[in-house]
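The following exchange takes the terms used for this structure one at a time and sets each against its criterion.

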Protein chains: 2
Amino acid sequence: MPKAKPVTDTTTEEKIKHAAREVFHQKGYAATRTRDIAEAAGINLALLNYYYRSKEKLFDIIMMETMQSFMGTIIMVINDNDTSLQQKMELLAERYIDLFKVEPEIPLFVMIELRSNAKNLLEHIRPKEFLMQSVFAKQFQQAIQDGKIPPQPFLHFMMNLMGMIIFPFVAAPMFKNIGELNDQQYLSVIEERKKMIPLWIKATMKAKS
Amino acid sequence: MPKAKPVTDTTTEEKIKHAAREVFHQKGYAATRTRDIAEAAGINLALLNYYYRSKEKLFDIIMMETMQSFMGTIIMVINDNDTSLQQKMELLAERYIDLFKVEPEIPLFVMIELRSNAKNLLEHIRPKEFLMQSVFAKQFQQAIQDGKIPPQPFLHFMMNLMGMIIFPFVAAPMFKNIGELNDQQYLSVIEERKKMIPLWIKATMKAKS
DNA sequence: GTCTATAACGTGATAGAC
DNA sequence: GTCTATCACGTTATAGAC
(Lines give C-alpha, C1' and ligand atoms only; values in the text may rest on other atoms or scores of the structure.)
Protein backbone atom coordinates (compact mmCIF):
# COMPACT_ATOMS: atom_id res chain seq x y z
CA MET A 1 0.00 0.00 0.00
CA PRO A 2 1.62 3.22 -1.14
CA LYS A 3 1.49 6.14 1.23
CA ALA A 4 0.74 9.63 0.07
CA LYS A 5 3.03 12.56 0.56
CA PRO A 6 4.55 13.43 3.93
CA VAL A 7 2.43 16.27 5.19
CA THR A 8 2.40 18.21 8.39
CA ASP A 9 -1.40 18.07 8.71
CA THR A 10 -1.69 21.04 10.98
CA THR A 11 -5.35 21.90 11.23
CA THR A 12 -8.22 19.48 11.54
CA GLU A 13 -9.61 20.75 8.28
CA GLU A 14 -6.39 19.80 6.51
CA LYS A 15 -6.22 16.44 8.23
CA ILE A 16 -9.66 15.60 6.89
CA LYS A 17 -8.89 16.70 3.36
CA HIS A 18 -5.66 14.79 3.34
CA ALA A 19 -7.35 11.63 4.54
CA ALA A 20 -10.17 12.11 2.07
CA ARG A 21 -7.75 12.41 -0.81
CA GLU A 22 -6.12 9.16 0.11
CA VAL A 23 -9.28 7.18 0.67
CA PHE A 24 -11.13 8.53 -2.37
CA HIS A 25 -8.12 7.81 -4.55
CA GLN A 26 -7.85 4.27 -3.30
CA LYS A 27 -11.48 3.23 -3.27
CA GLY A 28 -13.36 5.69 -5.46
CA TYR A 29 -16.39 7.74 -4.55
CA ALA A 30 -19.04 5.06 -4.27
CA ALA A 31 -17.00 2.59 -2.24
CA THR A 32 -15.71 5.01 0.37
CA ARG A 33 -17.77 5.71 3.45
CA THR A 34 -17.48 8.99 5.26
CA ARG A 35 -16.66 6.91 8.32
CA ASP A 36 -13.55 5.59 6.52
CA ILE A 37 -12.33 9.12 5.97
CA ALA A 38 -13.06 10.18 9.52
CA GLU A 39 -11.18 7.20 10.87
CA ALA A 40 -8.21 7.76 8.55
CA ALA A 41 -8.11 11.37 9.68
CA GLY A 42 -8.33 10.36 13.32
CA ILE A 43 -11.35 12.52 13.93
CA ASN A 44 -15.04 12.10 14.51
CA LEU A 45 -17.55 11.65 11.74
CA ALA A 46 -19.49 14.74 12.71
CA LEU A 47 -16.46 16.93 12.11
CA LEU A 48 -16.34 15.94 8.49
CA ASN A 49 -19.77 17.38 7.92
CA TYR A 50 -18.96 20.35 10.11
CA TYR A 51 -16.08 21.36 7.84
CA TYR A 52 -17.24 20.13 4.44
CA ARG A 53 -21.03 19.96 4.63
CA SER A 54 -21.36 16.67 2.75
CA LYS A 55 -19.51 13.73 1.27
CA GLU A 56 -20.18 15.02 -2.21
CA LYS A 57 -18.84 18.51 -1.54
CA LEU A 58 -15.69 17.06 -0.04
CA PHE A 59 -15.29 14.79 -3.01
CA ASP A 60 -15.69 17.66 -5.46
CA ILE A 61 -12.82 19.46 -3.78
CA ILE A 62 -10.60 16.39 -3.95
CA MET A 63 -11.58 15.80 -7.55
CA MET A 64 -10.76 19.38 -8.54
CA GLU A 65 -7.41 19.35 -6.82
CA THR A 66 -6.53 15.97 -8.30
CA MET A 67 -7.38 17.09 -11.81
CA GLN A 68 -5.23 20.11 -11.17
CA SER A 69 -2.28 17.85 -10.32
CA PHE A 70 -2.99 15.79 -13.39
CA MET A 71 -3.48 18.57 -15.90
CA GLY A 72 -1.09 21.03 -14.31
CA THR A 73 1.77 18.67 -15.02
CA ILE A 74 1.11 18.65 -18.73
CA ILE A 75 0.15 22.30 -19.10
CA MET A 76 3.40 23.61 -17.70
CA VAL A 77 5.40 21.52 -20.15
CA ILE A 78 3.60 21.69 -23.46
CA ASN A 79 3.52 25.46 -23.91
CA ASP A 80 7.13 26.23 -23.19
CA ASN A 81 8.65 27.97 -26.21
CA ASP A 82 12.17 27.21 -25.07
CA THR A 83 12.04 23.42 -25.23
CA SER A 84 12.05 21.16 -28.26
CA LEU A 85 9.53 18.45 -29.09
CA GLN A 86 12.01 15.87 -27.87
CA GLN A 87 12.64 17.72 -24.63
CA LYS A 88 8.92 18.03 -23.99
CA MET A 89 8.48 14.28 -24.27
CA GLU A 90 11.33 13.80 -21.81
CA LEU A 91 9.81 16.31 -19.41
CA LEU A 92 6.35 14.77 -19.64
CA ALA A 93 7.68 11.33 -18.83
CA GLU A 94 9.75 12.67 -15.97
CA ARG A 95 7.13 14.91 -14.39
CA TYR A 96 4.29 12.42 -14.63
CA ILE A 97 6.32 9.53 -13.31
CA ASP A 98 7.53 11.67 -10.42
CA LEU A 99 3.95 12.68 -9.64
CA PHE A 100 2.61 9.15 -9.80
CA LYS A 101 5.46 7.76 -7.74
CA VAL A 102 4.07 9.79 -4.85
CA GLU A 103 0.39 9.11 -5.55
CA PRO A 104 0.16 6.03 -7.79
CA GLU A 105 -3.62 5.86 -7.52
CA ILE A 106 -4.16 9.10 -9.40
CA PRO A 107 -4.25 7.68 -12.95
CA LEU A 108 -6.87 5.03 -12.28
CA PHE A 109 -8.86 7.44 -10.14
CA VAL A 110 -8.93 10.02 -12.93
CA MET A 111 -9.89 7.44 -15.55
CA ILE A 112 -12.76 6.18 -13.42
CA GLU A 113 -14.09 9.65 -12.79
CA LEU A 114 -13.77 10.57 -16.44
CA ARG A 115 -15.95 7.59 -17.24
CA SER A 116 -18.71 8.35 -14.79
CA ASN A 117 -18.64 12.10 -15.19
CA ALA A 118 -17.04 12.76 -18.57
CA LYS A 119 -19.34 15.51 -19.76
CA ASN A 120 -19.00 17.73 -16.71
CA LEU A 121 -15.30 17.28 -16.19
CA LEU A 122 -14.28 17.61 -19.80
CA GLU A 123 -16.16 20.79 -20.44
CA HIS A 124 -14.51 22.19 -17.35
CA ILE A 125 -10.91 21.26 -18.12
CA ARG A 126 -11.13 21.32 -21.92
CA PRO A 127 -8.16 19.09 -22.77
CA LYS A 128 -8.91 19.46 -26.45
CA GLU A 129 -8.51 23.24 -26.50
CA PHE A 130 -5.26 23.54 -24.66
CA LEU A 131 -3.66 20.43 -26.10
CA MET A 132 -4.44 20.93 -29.79
CA GLN A 133 -3.44 24.60 -29.69
CA SER A 134 -0.30 23.99 -27.68
CA VAL A 135 3.27 24.64 -28.74
CA PHE A 136 3.70 20.89 -28.38
CA ALA A 137 1.12 20.13 -31.09
CA LYS A 138 2.58 22.81 -33.34
CA GLN A 139 6.07 21.43 -32.98
CA PHE A 140 4.74 18.00 -33.85
CA GLN A 141 3.16 19.29 -37.05
CA GLN A 142 6.28 21.26 -37.84
CA ALA A 143 8.41 18.14 -37.55
CA ILE A 144 6.19 16.53 -40.14
CA GLN A 145 6.41 19.51 -42.49
CA ASP A 146 10.16 19.58 -42.11
CA GLY A 147 10.27 15.94 -43.14
CA LYS A 148 11.84 14.90 -39.86
CA ILE A 149 9.06 12.37 -39.28
CA PRO A 150 6.52 10.88 -41.70
CA PRO A 151 2.99 12.30 -41.70
CA GLN A 152 0.97 10.66 -38.93
CA PRO A 153 -1.98 11.44 -36.66
CA PHE A 154 -1.23 13.42 -33.53
CA LEU A 155 -3.84 11.38 -31.66
CA HIS A 156 -2.02 8.08 -32.11
CA PHE A 157 1.19 9.74 -31.01
CA MET A 158 -0.50 11.02 -27.84
CA MET A 159 -2.09 7.65 -27.12
CA ASN A 160 1.28 5.96 -27.35
CA LEU A 161 3.10 8.55 -25.28
CA MET A 162 0.51 8.81 -22.54
CA GLY A 163 -0.08 5.07 -22.60
CA MET A 164 3.59 4.31 -22.09
CA ILE A 165 3.73 6.73 -19.18
CA ILE A 166 0.41 6.05 -17.48
CA PHE A 167 -0.52 2.44 -18.23
CA PRO A 168 2.10 0.89 -15.92
CA PHE A 169 0.40 2.71 -13.05
CA VAL A 170 -3.10 1.72 -14.12
CA ALA A 171 -2.17 -1.93 -14.47
CA ALA A 172 0.37 -2.00 -11.65
CA PRO A 173 -1.05 -5.04 -9.80
CA MET A 174 -0.83 -7.16 -12.94
CA PHE A 175 2.71 -6.17 -13.82
CA LYS A 176 3.92 -6.45 -10.25
CA ASN A 177 2.65 -10.01 -10.27
CA ILE A 178 4.18 -10.81 -13.64
CA GLY A 179 7.55 -9.42 -12.65
CA GLU A 180 7.35 -10.69 -9.06
CA LEU A 181 8.17 -7.22 -7.80
CA ASN A 182 7.34 -5.46 -4.57
CA ASP A 183 6.24 -1.82 -4.55
CA GLN A 184 9.74 -0.45 -4.31
CA GLN A 185 11.16 -2.68 -7.02
CA TYR A 186 8.26 -1.85 -9.28
CA LEU A 187 8.87 1.86 -8.89
CA SER A 188 12.49 1.43 -9.87
CA VAL A 189 11.40 -0.44 -13.01
CA ILE A 190 9.14 2.45 -13.86
CA GLU A 191 11.96 4.87 -13.12
CA GLU A 192 13.88 3.26 -15.98
CA ARG A 193 11.08 4.26 -18.30
CA LYS A 194 11.75 7.97 -17.83
CA LYS A 195 14.75 7.67 -20.11
CA MET A 196 13.37 4.95 -22.36
CA ILE A 197 9.96 6.32 -23.25
CA PRO A 198 11.27 9.26 -25.28
CA LEU A 199 13.54 6.88 -27.20
CA TRP A 200 10.75 4.40 -27.80
CA ILE A 201 8.34 7.09 -28.91
CA LYS A 202 10.95 8.54 -31.23
CA ALA A 203 11.30 5.09 -32.77
CA THR A 204 7.56 4.69 -33.29
CA MET A 205 7.37 8.08 -34.96
CA LYS A 206 9.85 7.01 -37.60
CA ALA A 207 8.06 3.75 -38.30
CA LYS A 208 6.26 3.79 -41.60
CA SER A 209 2.54 4.57 -41.40
CA MET B 1 -23.16 4.54 -24.36
CA PRO B 2 -21.77 1.36 -25.95
CA LYS B 3 -24.06 -1.61 -26.13
CA ALA B 4 -22.95 -5.09 -25.28
CA LYS B 5 -23.17 -8.03 -27.61
CA PRO B 6 -26.38 -9.00 -29.38
CA VAL B 7 -27.75 -11.85 -27.34
CA THR B 8 -30.90 -13.86 -27.50
CA ASP B 9 -31.50 -13.68 -23.74
CA THR B 10 -33.78 -16.65 -23.58
CA THR B 11 -34.29 -17.50 -19.95
CA THR B 12 -34.83 -15.09 -17.10
CA GLU B 13 -31.66 -16.27 -15.49
CA GLU B 14 -29.69 -15.30 -18.58
CA LYS B 15 -31.45 -11.98 -18.89
CA ILE B 16 -30.38 -11.09 -15.38
CA LYS B 17 -26.80 -12.13 -15.88
CA HIS B 18 -26.56 -10.24 -19.13
CA ALA B 19 -27.94 -7.10 -17.55
CA ALA B 20 -25.66 -7.51 -14.55
CA ARG B 21 -22.63 -7.78 -16.77
CA GLU B 22 -23.49 -4.54 -18.49
CA VAL B 23 -24.29 -2.55 -15.37
CA PHE B 24 -21.37 -3.85 -13.31
CA HIS B 25 -18.98 -3.11 -16.18
CA GLN B 26 -20.27 0.42 -16.57
CA LYS B 27 -20.58 1.48 -12.94
CA GLY B 28 -18.49 -0.91 -10.89
CA TYR B 29 -19.60 -2.98 -7.92
CA ALA B 30 -20.11 -0.29 -5.30
CA ALA B 31 -22.02 2.13 -7.52
CA THR B 32 -24.48 -0.37 -8.97
CA ARG B 33 -27.69 -1.10 -7.14
CA THR B 34 -29.41 -4.41 -7.55
CA ARG B 35 -32.43 -2.36 -8.61
CA ASP B 36 -30.46 -1.06 -11.58
CA ILE B 37 -29.77 -4.59 -12.70
CA ALA B 38 -33.35 -5.71 -12.21
CA GLU B 39 -34.60 -2.75 -14.21
CA ALA B 40 -32.07 -3.29 -17.00
CA ALA B 41 -33.13 -6.93 -17.16
CA GLY B 42 -36.80 -5.99 -17.20
CA ILE B 43 -37.59 -8.16 -14.20
CA ASN B 44 -38.46 -7.76 -10.56
CA LEU B 45 -35.86 -7.23 -7.89
CA ALA B 46 -36.84 -10.34 -5.97
CA LEU B 47 -36.01 -12.52 -8.95
CA LEU B 48 -32.41 -11.46 -8.83
CA ASN B 49 -32.05 -12.89 -5.35
CA TYR B 50 -34.10 -15.91 -6.28
CA TYR B 51 -31.62 -16.86 -9.00
CA TYR B 52 -28.34 -15.58 -7.62
CA ARG B 53 -28.77 -15.37 -3.84
CA SER B 54 -26.99 -12.04 -3.43
CA LYS B 55 -25.47 -9.07 -5.20
CA GLU B 56 -22.02 -10.27 -4.27
CA LYS B 57 -22.52 -13.79 -5.61
CA LEU B 58 -23.85 -12.39 -8.87
CA PHE B 59 -20.90 -10.07 -9.09
CA ASP B 60 -18.43 -12.88 -8.51
CA ILE B 61 -19.88 -14.74 -11.47
CA ILE B 62 -19.62 -11.69 -13.70
CA MET B 63 -16.09 -11.04 -12.50
CA MET B 64 -15.02 -14.59 -13.23
CA GLU B 65 -16.52 -14.62 -16.68
CA THR B 66 -15.02 -11.23 -17.48
CA MET B 67 -11.57 -12.30 -16.42
CA GLN B 68 -12.04 -15.34 -18.60
CA SER B 69 -12.74 -13.11 -21.60
CA PHE B 70 -9.75 -11.02 -20.73
CA MET B 71 -7.26 -13.76 -20.10
CA GLY B 72 -8.68 -16.24 -22.59
CA THR B 73 -7.81 -13.86 -25.39
CA ILE B 74 -4.15 -13.82 -24.51
CA ILE B 75 -3.82 -17.48 -23.55
CA MET B 76 -5.02 -18.77 -26.89
CA VAL B 77 -2.46 -16.65 -28.70
CA ILE B 78 0.74 -16.84 -26.72
CA ASN B 79 1.21 -20.59 -26.62
CA ASP B 80 0.72 -21.35 -30.28
CA ASN B 81 3.84 -23.05 -31.62
CA ASP B 82 2.90 -22.29 -35.20
CA THR B 83 3.04 -18.50 -35.04
CA SER B 84 6.05 -16.22 -34.85
CA LEU B 85 6.70 -13.51 -32.28
CA GLN B 86 5.63 -10.92 -34.81
CA GLN B 87 2.43 -12.80 -35.66
CA LYS B 88 1.57 -13.13 -32.00
CA MET B 89 1.79 -9.38 -31.53
CA GLU B 90 -0.49 -8.91 -34.50
CA LEU B 91 -2.96 -11.43 -33.15
CA LEU B 92 -2.96 -9.92 -29.67
CA ALA B 93 -3.70 -6.47 -31.04
CA GLU B 94 -6.42 -7.81 -33.29
CA ARG B 95 -8.14 -10.08 -30.77
CA TYR B 96 -8.09 -7.60 -27.93
CA ILE B 97 -9.31 -4.71 -30.01
CA ASP B 98 -12.10 -6.87 -31.42
CA LEU B 99 -13.10 -7.91 -27.90
CA PHE B 100 -13.05 -4.38 -26.53
CA LYS B 101 -14.94 -2.99 -29.49
CA VAL B 102 -17.88 -5.05 -28.31
CA GLU B 103 -17.42 -4.39 -24.59
CA PRO B 104 -15.23 -1.30 -24.21
CA GLU B 105 -15.72 -1.13 -20.46
CA ILE B 106 -13.85 -4.36 -19.80
CA PRO B 107 -10.33 -2.92 -19.49
CA LEU B 108 -11.18 -0.29 -16.89
CA PHE B 109 -13.41 -2.74 -15.06
CA VAL B 110 -10.61 -5.29 -14.84
CA MET B 111 -8.08 -2.70 -13.71
CA ILE B 112 -10.37 -1.48 -10.96
CA GLU B 113 -11.05 -4.99 -9.72
CA LEU B 114 -7.37 -5.87 -9.81
CA ARG B 115 -6.72 -2.90 -7.58
CA SER B 116 -9.33 -3.68 -4.98
CA ASN B 117 -8.92 -7.43 -5.03
CA ALA B 118 -5.44 -8.05 -6.40
CA LYS B 119 -4.39 -10.80 -4.05
CA ASN B 120 -7.40 -13.04 -4.59
CA LEU B 121 -7.69 -12.58 -8.31
CA LEU B 122 -4.00 -12.88 -9.12
CA GLU B 123 -3.46 -16.07 -7.21
CA HIS B 124 -6.43 -17.48 -9.05
CA ILE B 125 -5.47 -16.53 -12.57
CA ARG B 126 -1.69 -16.55 -12.13
CA PRO B 127 -0.66 -14.32 -15.04
CA LYS B 128 2.98 -14.67 -14.06
CA GLU B 129 3.06 -18.43 -14.47
CA PHE B 130 1.43 -18.74 -17.84
CA LEU B 131 2.94 -15.60 -19.32
CA MET B 132 6.57 -16.08 -18.32
CA GLN B 133 6.56 -19.73 -19.33
CA SER B 134 4.74 -19.12 -22.58
CA VAL B 135 6.01 -19.75 -26.08
CA PHE B 136 5.65 -16.00 -26.53
CA ALA B 137 8.19 -15.22 -23.79
CA LYS B 138 10.56 -17.89 -25.11
CA GLN B 139 10.39 -16.48 -28.61
CA PHE B 140 11.15 -13.06 -27.21
CA GLN B 141 14.27 -14.33 -25.45
CA GLN B 142 15.26 -16.30 -28.52
CA ALA B 143 15.08 -13.16 -30.66
CA ILE B 144 17.54 -11.54 -28.27
CA GLN B 145 19.90 -14.51 -28.35
CA ASP B 146 19.74 -14.55 -32.12
CA GLY B 147 20.76 -10.92 -32.15
CA LYS B 148 17.56 -9.89 -33.89
CA ILE B 149 16.79 -7.39 -31.16
CA PRO B 150 19.05 -5.89 -28.48
CA PRO B 151 18.84 -7.33 -24.96
CA GLN B 152 15.94 -5.72 -23.12
CA PRO B 153 13.50 -6.52 -20.32
CA PHE B 154 10.43 -8.52 -21.28
CA LEU B 155 8.39 -6.51 -18.76
CA HIS B 156 8.92 -3.20 -20.53
CA PHE B 157 8.02 -4.84 -23.81
CA MET B 158 4.77 -6.15 -22.33
CA MET B 159 3.94 -2.79 -20.77
CA ASN B 160 4.37 -1.08 -24.10
CA LEU B 161 2.43 -3.68 -26.06
CA MET B 162 -0.46 -3.97 -23.64
CA GLY B 163 -0.47 -0.23 -23.04
CA MET B 164 -0.77 0.55 -26.73
CA ILE B 165 -3.64 -1.88 -27.05
CA ILE B 166 -5.55 -1.23 -23.84
CA PHE B 167 -4.87 2.36 -22.85
CA PRO B 168 -7.03 3.92 -25.59
CA PHE B 169 -9.98 2.08 -24.08
CA VAL B 170 -9.13 3.03 -20.51
CA ALA B 171 -8.76 6.70 -21.39
CA ALA B 172 -11.40 6.77 -24.10
CA PRO B 173 -13.36 9.79 -22.78
CA MET B 174 -10.23 11.92 -22.80
CA PHE B 175 -9.12 10.96 -26.28
CA LYS B 176 -12.60 11.24 -27.71
CA ASN B 177 -12.69 14.78 -26.42
CA ILE B 178 -9.24 15.62 -27.74
CA GLY B 179 -10.02 14.25 -31.16
CA GLU B 180 -13.62 15.50 -31.19
CA LEU B 181 -14.80 12.03 -32.09
CA ASN B 182 -18.06 10.22 -31.45
CA ASP B 183 -18.14 6.59 -30.40
CA GLN B 184 -18.15 5.25 -33.92
CA GLN B 185 -15.37 7.50 -35.14
CA TYR B 186 -13.30 6.66 -32.13
CA LEU B 187 -13.62 2.95 -32.79
CA SER B 188 -12.43 3.41 -36.33
CA VAL B 189 -9.37 5.29 -35.04
CA ILE B 190 -8.64 2.39 -32.75
CA GLU B 191 -9.19 -0.01 -35.63
CA GLU B 192 -6.23 1.63 -37.37
CA ARG B 193 -4.09 0.63 -34.43
CA LYS B 194 -4.48 -3.09 -35.14
CA LYS B 195 -2.02 -2.76 -37.99
CA MET B 196 0.12 -0.02 -36.47
CA ILE B 197 0.80 -1.42 -33.01
CA PRO B 198 2.93 -4.34 -34.22
CA LEU B 199 4.96 -1.93 -36.35
CA TRP B 200 5.38 0.52 -33.52
CA ILE B 201 6.37 -2.17 -31.07
CA LYS B 202 8.85 -3.59 -33.53
CA ALA B 203 10.38 -0.13 -33.79
CA THR B 204 10.68 0.25 -30.02
CA MET B 205 12.35 -3.13 -29.73
CA LYS B 206 15.15 -2.04 -32.04
CA ALA B 207 15.72 1.23 -30.20
CA LYS B 208 18.91 1.20 -28.17
CA SER B 209 18.47 0.40 -24.49
C1' DG C 1 -41.38 -18.65 -11.25
C1' DT C 2 -42.92 -14.14 -10.44
C1' DC C 3 -44.74 -10.64 -7.91
C1' DT C 4 -45.78 -7.05 -3.66
C1' DA C 5 -44.78 -5.77 0.81
C1' DT C 6 -41.66 -5.41 4.32
C1' DA C 7 -37.93 -6.56 7.32
C1' DA C 8 -32.98 -5.74 8.42
C1' DC C 9 -29.19 -3.17 7.84
C1' DG C 10 -25.74 0.36 6.52
C1' DT C 11 -24.69 5.03 5.59
C1' DG C 12 -24.97 10.19 5.30
C1' DA C 13 -26.15 13.77 7.98
C1' DT C 14 -27.67 16.42 12.14
C1' DA C 15 -29.06 17.70 17.03
C1' DG C 16 -27.41 19.01 21.08
C1' DA C 17 -24.25 18.52 25.19
C1' DC C 18 -19.70 19.98 26.45
C1' DG D 1 -14.44 22.92 17.72
C1' DT D 2 -15.30 18.36 19.08
C1' DC D 3 -17.84 14.75 20.66
C1' DT D 4 -22.03 11.05 21.38
C1' DA D 5 -26.40 9.76 20.16
C1' DT D 6 -29.74 9.51 16.86
C1' DC D 7 -32.51 10.43 12.83
C1' DA D 8 -33.76 9.73 7.98
C1' DC D 9 -33.17 7.40 4.09
C1' DG D 10 -31.72 4.12 0.55
C1' DT D 11 -30.49 -0.50 -0.37
C1' DT D 12 -30.11 -5.54 0.09
C1' DA D 13 -32.56 -9.38 1.01
C1' DT D 14 -36.61 -12.16 2.28
C1' DA D 15 -41.48 -13.60 3.46
C1' DG D 16 -45.45 -14.93 1.63
C1' DA D 17 -49.40 -14.53 -1.74
C1' DC D 18 -50.44 -15.91 -6.33
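**Contacts with DNA and between the chains**

In this predicted model, α3(A) gives the most to the surface near DNA strand D, with four residues.

Q: What makes a residue count as near DNA strand D, and which residues come nearest?
A: A heavy atom of the residue must lie within 4 Å of the strand. There are 16 residues around DNA strand D, and Asn44(A), Arg33(B), Thr34(B), Arg35(B) and Lys55(B) come nearest. Of the strand's atoms that come within 4 Å of the protein, 58% belong to sugar and phosphate.

Q: How do you know that Asn44(A), Tyr51(A) and Arg33(B) are in polar contact with DNA strand D?
A: The criterion is a pair of N or O atoms within 3.5 Å. A side-chain N or O atom of Asn44(A) is 2.9 Å from a phosphate oxygen of the strand, and for Tyr51(A) the distance to a phosphate oxygen is 2.7 Å. A polar side-chain atom of Arg33(B) lies 2.8 Å from a phosphate oxygen. Each of these pairs therefore meets the cut-off. Elements giving two or more residues to this surface are α3 (45-52) of chain A, and α2 (34-41) and α3 (45-52) of chain B.

Q: Which classes of residue form the surface near DNA strand D?
A: It has six nonpolar, six polar and four charged residues.

Q: Why are chain A and chain B described as related by a two-fold rotation axis?
A: A turn of 180° with a shift of 0.0 Å along the axis lays chain A on chain B with an RMSD of 0.1 Å. The two copies are therefore related as by a two-fold rotation axis.

Q: Why is it said that the copies meet through the same surface?
A: Of the interface residues of chain A, 100% are also interface residues in chain B, so the same surface is used by the copies. Chain A brings 51 residues to the contact and chain B brings 51 residues. About 4,700 Å² is buried between the two chains, with 76% from carbon and sulfur atoms.

Q: Why is the pair Glu180(A) and Lys128(B) called a salt bridge?
A: The rule asks for a side-chain nitrogen of Lys or Arg within 4 Å of a carboxyl oxygen of Asp or Glu. The N to O distance between the side chains of Glu180(A) and Lys128(B) is 3.4 Å, so the pair qualifies. Two salt bridges are found across the interface of chain A and chain B.

Q: Which helix gives the most to the side of chain A that touches chain B?
A: That helix is α9(A), with 12 residues. By class, this side has 34 nonpolar, 10 polar and seven charged residues.

Methods
Residues are numbered from 1 along each chain as its sequence is written. Chains are lettered from A and ligands numbered from 1 in the order in which they are written. This is a predicted model: local features need pLDDT of at least 70, side-chain atom pairs count only at pLDDT 80 or more; totals for chains, interfaces and linings use all residues. Side-chain values use heavy atoms; hydrogens and water are left out. A polar contact is a pair of N or O atoms within 3.5 Å; within protein, one must be able to donate a hydrogen and the other to accept it, and residues adjacent in sequence count only if both atoms are side-chain atoms. Ala, Val, Leu, Ile, Met, Phe, Trp, Tyr, Cys and Pro count as nonpolar, Asp, Glu, Lys and Arg as charged, and the others, Gly among them, as polar. Copies are superposed by least squares on the C-alpha atoms of residues with pLDDT of at least 70 in both. Contact means heavy atoms within 4.5 Å. Buried area is the accessible area (1.4 Å probe) that two parts lose on being put together, summed over both.
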